[in-house]
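Student: I'm new to this one, and I'd like a close look at a single part. Could you pick out a charged residue and walk me through its surroundings?

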Amino acid sequence: MKKHIISKVIAAGVLGAALLPALVFAETSAAGAAKAVRTTTVASSTLSSSKIEKAKAKADQEIDRRVASLNELATRIGAMQEVREDFKQSLSGAVGGQIAAFVSLKAKIDAETDLATLKTDVQSITQSYRVYALLLPQTSIAAAADRVVALTTMMTTLGSKLQTRIAAAQSAGSDVSALSKSLTDLSQKLTDANAQAQSAVAISSSLVPDGGDKTKMAANTKALKTARSDIATAEADLKAGRKDIHAILKGLKITLSTASSTPVTPVAATTTTQ
């Protein structure tokens, strides 16, 4: 009986000795696996944090660029003199609202800690803020139209003065048919330039952000193209009008020289001769 018990003890000891390396290996492997998981988790966390910071930096840069351009638009809008006041106020309000929206979005992005949510916020810079894409061309067209109207006003005033001088030359017996023709053409060009500018503003002012709607986006694009074409026509009219003015001034100079027995000389030159 004692031998049997001793045999069992010896067998158990042998079995324990045999299992000991396996148990030690298993425990070591488990510890290593846990460490590997912790290392992977830390590495993943570090990588995620790096992505978040890079995404934030890029988003902030894009927002800052847009806000800077919007501030420039606000300055241009403030300087407009001839554009309808209601449209001017509408543009100013839209620009101010857009700047506020971007500032708010930037604050949200900078405070974000979840990468998935951050990606959605970053995408909204271009997807949810379509008003920005419309404000730029609208303001550019309005500024160009404002310049056209201001120039037509100035040139119309000059045209009235030239008309007076042409009438005086005609009263003096000079042939002013060519001058009158140029003056008529000038009047027509200025009238058309002003109409084209007003048309461009009317077309662009009625547009609203597409909100990602492709049909509305296409309609806006087409309307803006038409408005730009109107501005181009108006600028061509002004260019032709300037040529008419130069032709009239040159014609008046020749007319006066022909009508006078002596060349017309500046006052300063006459005083020197005496």
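Tutor: Let's start with Asp121 and its salt bridge, then move on to other salt bridges and a helix crossing.

Keep in mind that this is a predicted model. You'll find Asp121 in helix 3, which covers residues 115–127. With a relative accessible area of 8%, Asp121 counts as buried, because the cut-off for that is under 20%. Who sits around it? Setting aside the neighbours within four places in sequence, Asp121 touches Leu105, Lys108, Ile109 and Glu112.

Lys108 deserves a second look. Its side chain makes a polar contact with the side chain of Asp121, at 2.9 Å. The pair also counts as a salt bridge, with the closest N and O atoms 2.9 Å apart. Since Asp121 belongs to helix 3 and Lys108 to helix 2, this pair ties together parts that are 13 residues apart in sequence. The two partners sit in unlike settings: Asp121 is buried, whereas Lys108, with a relative accessible area of 41%, is partly exposed.

How many salt bridges does the model have? The count comes to seven. One of them joins the side chains of Glu62 and Arg66, at 2.8 Å from N to O. Both of these residues lie in helix 1 (residues 2–79), four residues apart, or about one turn of the helix. Glu62 is partly exposed at 24% relative accessibility, while Arg66 is buried at 9%. Arg65 comes into the picture here too: Glu62, Arg65 and Arg66 are linked in a network of salt bridges.

Another bridge pairs Asp86 with Arg84, the closest N and O atoms being 3.1 Å apart. Here Asp86 is partly exposed, at 48% relative accessibility, and Arg84 is partly exposed as well, at 37%.

Now back to helix 2, the home of Lys108. Helix 2 (residues 85–111) also meets helix 4 (residues 130–171): their axes come within 11 Å and cross at roughly 145°. That crossing is left-handed. On the helix 2 side, the contact is made by Phe87, Leu91, Ala94, Val95, Gln98 and Phe102. Helix 4 brings Val131, Tyr132, Leu135, Gln138, Thr139 and Ala142. Sort the residues of this contact by type and you get nine nonpolar, three polar and no charged. The link from helix 2 to helix 3 that we began with, on the other hand, is a salt bridge between Asp121 and Lys108.

Key: Residues numbered from 1 in each chain as written. Predicted model: local features only at pLDDT ≥ 70, side-chain atom pairs only at ≥ 80, totals over all residues. Heavy atoms only, no water. Helix = DSSP H or I, 4+ residues; strand = E, 2+ residues; numbered from the N terminus. Buried < 20%, exposed > 50% of the residue type's maximum accessible area, 1.4 Å probe, protein only. Polar contact = N/O pair within 3.5 Å; in protein donor to acceptor, adjacent residues only side chain to side chain. Contact = heavy atoms within 4.5 Å. Axes fitted to C-alpha atoms, helices over the stretch in contact; angles between N-to-C directions. Left-handed = near helix turned anticlockwise from the far one by under 90°. Nonpolar A, V, L, I, M, F, W, Y, C, P; charged D, E, K, R; others polar. Salt bridge = Lys/Arg side-chain N within 4 Å of Asp/Glu carboxyl O.
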